[in-house]
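Thank you all for coming. I would like to walk you through one structure this morning, going from a single pair of side chains out to the whole chain, and I will try to be careful about what can be said of each part.

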Amino acid sequence: LFIFGKYVGVMIATLVGFYMVAVIFILAARHGTIETVSDPYDQPVWVFGLSALGLSLLVAGFGNFFYGWNFFTSLTFWAVPLLTIALAIVLCVSPDWELQHPFMATDPDRAERLHLLLQLLYAIIMMFGAALILTAFAVALSTRFSQIVTLMLCAGIMMLGLLSDYYFGTRQDGGLIFQMLYGLVPNFQVFWVGDAITQEQEIPWAIVTETAGYACCYSLAILALGVALFQTREVG
């Protein structure tokens with residue numbers, strides 16, 4: 001219960017931060033890249049996005065100065081719902097300030113952009129799966145190691161997981177040891193689909209659900225290891 005409660009607490013905090021950054025990222029993707037000075041700005045993104053951030057900063061600053069609120073906690077408390085509202089409004093308003101259906105389009109250009117936003121949403125969900133596994137490692141390792149050592153070990157696990165396909169996956173014919181390492185080391189490469197998006201390759205929903213299941217099962221296994229490590233730990 002202690003390990004699981006600690007994991008859930010850390011994951012809720014991670015989820016809030018991950019969600020806030022993801023909303024800002026989707027707003028930026030909706031705006032697109034300004035390649036020339038003649039390219040128009042997506043004014044709804046600027047107006048509603050900056051208004052949400054600006055209002056959050058003002059309220060957090062006011063509360064911190066006059067009432068002693070924690071600035072970053074207050075900023076997050078206000079920014080998350082306000083950015084969500086801003087994103088909902090932006091999806092319903094075209095760059096030309098015309099009302100539109102948030103998820104349907106007859107115009108080919110907008111339909112392509114909506115499809116890209118959906119693909120980005122899939123990619124964000126998959127990246128959060130990697131965060132689930134890495135957080136499970138952090139909680140499990142923290143039962144035996146200090147904060148600095150845990151951070152260094154997690155960084156090493158992340159790098160090893162990103163190189164798992166290269167070092168272990170391509171050498172499974174080399175023997176049982178490579179097969180075991182490939183199965184035991186978390187394969188973080190499967191969560192990274194940035195190349196697929198930039199190369200305009202389709203990310204099917206089935207891949208998202210498979211990686212989510214992999215992340216959940218692997219996280220539970222690491223938490224079970226954390227329980228074993230904590231079992232004989234001297235506390236008090």
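Before I name any residue, let me fix one word: I will call a residue buried when its relative accessible area is under 20%, exposed when that value is over 50%, and partly exposed when it falls in between. Please also keep in mind throughout that what you see on the screen is a predicted model.

With that cut-off in hand, take D42, whose relative accessible area is 2%, so D42 counts as buried. Which residue forms a salt bridge with D42? The partner is R30, and the closest N and O atoms of the two are 2.6 Å apart. R30 is buried as well, because its relative accessibility is 6%. As a general point, side chains of opposite charge can pair when their charged atoms come close. As for where the two residues sit, R30 belongs to helix α1, which covers residues 2-31, while D42 is found in the loop between α1 and α2, so this pair ties together parts that are 12 residues apart in sequence. The count of salt bridges in this model comes to 1.

Let me turn from this buried pair to the surface. There is a nonpolar surface patch of about 740 Å², and the residues that make it are I24, I34, Y41, W46, V47, L50, L53 and W97. Which helix gives the most to this patch? That is helix α2, residues 43-67, which contributes 4 residues. L50, one of the patch residues, lies in helix α2, and since its relative accessible area is 48%, L50 is classed as partly exposed.

W97 is also part of the patch, but its place is in the loop between α3, residues 71-92, and α4. With a relative accessible area of 42%, W97 is partly exposed too. The backbone at W97 deserves a moment, as this residue has a positive phi of about 65° although it is not a glycine. In general, most residues other than glycine have a negative phi. A positive phi, of about 60°, is also found at E200, again not a glycine. E200 lies in the loop between α8, residues 194-198, and α9, residues 205-231, and its relative accessible area of 72% makes E200 exposed.

Next, a pair of helices. How do α4 and α5 cross? The axes of α4, residues 108-141, and α5, residues 147-162, come within 10 Å and cross at roughly 145°, and the crossing is right-handed. On the α4 side the contacts are made by L134, F137, A138 and L141, and these meet T150, L153, C154, I157 and M158 in α5.

Finally, let me step back to the chain as a whole. The protein chain has 9 helices and 0 strands, and its C-alpha trace spans about 60 × 55 × 30 Å along the principal axes. Of the 236 residues in the chain, 33% are buried. If we take contacts between residues at least 6 apart in sequence, 66% of them join residues at least 24 apart. The accessible surface of the chain comes to about 14800 Å², and 72% of that surface belongs to carbon and sulfur atoms.

Key
Residues are numbered from 1 along each chain as its sequence is written. This is a predicted model: local features need pLDDT of at least 70, side-chain atom pairs count only at pLDDT 80 or more; totals for chains, interfaces and linings use all residues. Side-chain values use heavy atoms; hydrogens and water are left out. Patches are made of residues with over 30% relative accessible area and no salt bridge: like charges are joined within 9 Å, nonpolar side chains (Val, Leu, Ile, Met, Phe, Trp, Tyr) within 5 Å. Accessible areas come from the Shrake-Rupley method with a 1.4 Å probe; for residues, only the protein chains shown count as cover. A salt bridge is a side-chain nitrogen of Lys or Arg within 4 Å of a carboxyl oxygen of Asp or Glu. Buried means under 20% relative accessible area, exposed over 50%, partly exposed in between (1.4 Å probe, protein chains only). Axes are lines fitted to C-alpha atoms, for helices over the stretch in contact, and angles run from 0 to 180 degrees between N-to-C directions. A crossing is left-handed if the near helix is turned anticlockwise from the far one by less than a right angle, and right-handed if clockwise. Contact means heavy atoms within 4.5 Å.
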